[in-house]
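Here are a few exercises for you to try with the structure open. Work through each task first, then read the solution step by step.

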Amino acid sequence: MANIDQIKAAFSERGQLSSNIKDFRPRSEQLEMAEAVGKAIENKGVLVVEAGTGTGKTFAYLTPALLSKKKTIVSTGSKNLQDQLFKRDLPTIQKALNYSGKIALLKGRANYLCLERLDQVIAQGVLGDKSVLVDLSKVRKWNNATKTGDLSECVELAEDSPILPQLTSTTESCLGSDCPNYGDCYVAAARKRALAADLVVVNHHLFCADMAVKENGFGELIPNAEVIIFDEAHQLPDIASQYFGQSITSRQLFDLCKDINIVYRTEIKDMPQLGVASDHLLKMVQDFRLLLGEGNNRGNWREWLVKPDVQKGFKVLQEKLDFIADVVKLALGRSQTLDSIFERISALKAQLVRLSDTSVTGYCYWFETFNRQFGLHITPLTVSDKFGEQMNNHESAWIFTSATLEVGGSFNHFRQRLGIRATDEKVLQSPFNYPEQALLCVPRYLPGSNQNHTMTKLAEMLLPVIEANKGRCFVLCTSYFMMKGFAEYFREHSGLSILLQGETSKTKLLEQFVSEEHSVLVATSSFWEGIDVRGDALSLVIIDKLPFTSPDEPLLKARVEDCQLQGGNPFNDIQIPEAVIALKQGVGRLIRDVTDSGAVIICDSRLVTRPYGETFLKSLPNAKRTRDLNKVVEFLKSIQQNRT
């Protein structure tokens with residue numbers, strides 16, 4: 001049993017961590033968090049802890065977990081953080097503490113190569129151009145050497161390679177133990193390792209899928225856990241709501257058509273109507289996509305379903321699926337693959353029926369479109385009842401941590417969204433010296449946000465500051481319109497290297513940003529969190545405005561309406577807390593280390609003119625403040641002089 005004395009000893013001046021880890025320095029905030037985690041583990045309690053940047057929260061929760069020798073699940077916000085934990089932080093602590101337990105990494109099935117799909121692609125040929133063929137040969141070569149089948153380890157492959165969906169299985173298409181490749185299956189092997197391990201690293205998507213028992217046969221992971229730790233816990237409420245809802249996507253339907261065609265061409269060649277029925281459905285899925293408007297979009301499904309053409313298209317989609325079910329029924333028992341396809345069709349038919357009745361309250365009905373794909377979703381407006389119930393039913397230690405959880409000094413918003421009741425709560429300030437290291441500026445004379453020339457005016461104001469800092473700057477935008485506009489303006493009026501999100505992969509962009517001395521990275525939401533650039537490469541972060549979610553966003557709209565019905569104040573109860581957490585994440589990109597320094601400019605006068613601005617400012621680090629951009633330039637120049 002890991003007691004508090006053991007934890008104190010591990011973190012002390014001459015303890016196991018200091019003695020065995022290069023550059024490890026004991027920090028009082030880290031020890032305070034580790035003791036709180038130790039206490040929660042011992043008492044099977046609930047702990048919510050905000051640990052400011054630099055606290056060293058990873059060591060603060062991993063050390064007590066390993067010392068306790070209890071079966072532990074650590075869930076992180078992203079696959080990148082998962083890999084970092086498993087490949088870097090865990091081995092370091094494991095070695096320092098001389099921990100002998102088993103450790104495993106488990107991701108969702110879409111991350112592992114499916115050998116059955118690989119065989120199919122080799123036999124049938126790939127879909128797409130020559131580059132996809134090149135990618136296939138890279139995967140085949142890598143597959144000869146990999147032990148895990150985790151596609152992120154195939155480094156020569158781009159993160160968004162079109163070959164990936166063709167080589168991974170989905171819950172629906174997996175044949176399970178009936179698969180001819182089951183003995184060598186990478187997903188089955190990873191699960192086996194996870195179930196046998198003492199500590200498993202998963203991500204929130206996988207954890208929530210397991211909790212909602214979407215993945216049959218994988219529901220046994222959580223029941224065995226005695227300690228459950230969520231890092232980047234601020235992302236959990238949104239992710240959980242996706243899994244307690246229902247969805248149908250064009251990818252599921254495309255995969256279905258493709259799999260039926262493969263069965264027809266390989267196993268049941270005497271039934272051409274299989275091929276005809278699947279081609280009809282495929283054509284209808286493509287036609288239906290066109291009814292949902294152009295480009296990347298999110299909309300309210302309730303409002304769209306009443307449109308006559310959408311209603312008609314949806315009916316035809318259901319009819320085509322009914323027809324394909326009737327055809328497949330004729331061949332039941334002749335092919336195992338086809339039998340499992342019939343079950344998939346039945347499940348999809350049930351989903352469509354559920355989507356055709358939008359009168360059920362307490363849910364948001366919404367759709368999204370991207371390129372030639374679409375998704376139709378039913379998402380619960382709250383998961384507090386379901387998540388809270390899981391916590392009550394499962395007696396173990398539950399630990400939630402992130403650098404951004406509290407809003408204006410309170411955890412209420414976070415706790416309410418997940419139904420967390422009795423808790424121990426802690427806010428641990430960052431050990432960084434913000435008054436010396438950082439300057440926060442809300443500039444005077446900002447252009448009004450409703451003017452046509454806002455973007456150009458703002459870019460004109462900001463460029464001299466960026467030039468004075470010789471780049472080394474993140475410009476974080478709340479919309480693609482502003483992001484593209486800024487990048488165009490800077491490229492036209494400046495000799496600095498302007499990097500734009502979307503022009504290459506996220507990893508490549510960051511590498512370029514760090515290696516090219518005078519660069520400016522212009523980006524939107526995916527760079528507001530989880531990005532760690534230390535040292536001289538980054539000393540200026542500019543945020544175009546407060547990150548309120550667009551009021552047209554269907555999920556937010558539905559939650560706002562629900563809040564009003566219950567007599568709440570949606571602006572104070574939902575919109576402000578979520579914008580505060582997002583802003584804290586963005587500002588948190590600047591100071592990542594004791595030796596970092598720099599300025600944050602937030603181009604939104606509401607911070608100083610509206611009463612709620614105080615809530616935002618109170619939640620940000622205690623940096624020096626100014627409204628004068630010239631002061632920012634002076635501060636940045638003084639940093640540069642100190643460094644040379």
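**Exercise 1.** Decide whether the residues on the two faces of strand 5 (residues 227-230) are buried or exposed.

Solution. Step one: on one side of strand 5 you find Val227 and Ile229, and on the other Ile228 and Phe230. Step two: these four are all buried, so both faces are covered. Here buried means under 20% relative accessible area, exposed over 50%, and partly exposed in between (1.4 Å probe, protein chains only). Strands are DSSP runs of E with at least two residues, and helices are runs of H or I with at least four, both numbered from the N terminus.

A word on the model: it is predicted, so local features need pLDDT of at least 70 and side-chain atom pairs count only at pLDDT 80 or more, while totals for chains, interfaces and linings use all residues. Residues are numbered from 1 along each chain as its sequence is written, and side-chain values use heavy atoms, with hydrogens and water left out.

**Exercise 2.** Find how many bridges join strand 5 to strand 2 and to strand 10.

Solution. Strands pair if DSSP finds at least two bridges between them. Step one: strand 2 (residues 72-76) runs parallel to strand 5 and is joined to it by 4 bridges; Thr72 has Val227 as its bridge partner. Step two: strand 10 (residues 397-402) is also parallel to strand 5, again with 4 bridges, and Ile229 has Ile399 as its partner there.

**Exercise 3.** Work out which strands stand at the edges of the open sheet with the order 14-15-13-16-17-12-18.

Solution. Step one: this sheet has 7 strands, and the pairing is parallel. Step two: strand 14 (497-500) and strand 18 (624-626) each have a single partner strand, so one side of each is left without a neighbour in the sheet. Step three: look at one edge, where strand 14 pairs with strand 15 (residues 519-523) over 4 bridges, with Leu500 partnered by Val522.

**Exercise 4.** Describe how helix 12 (residues 250-266) packs against helix 13 (residues 272-291).

Solution. Step one: their axes are 9 Å apart, at an angle of about 160°. Axes are lines fitted to C-alpha atoms, for helices over the stretch in contact (heavy atoms within 4.5 Å), and angles run from 0 to 180 degrees between N-to-C directions. Step two: that makes helix 12 roughly antiparallel to helix 13, a label for angles over 145 degrees.

Technical notes:
Parallel < 35°, antiparallel > 145°, perpendicular 65-115°, else oblique.
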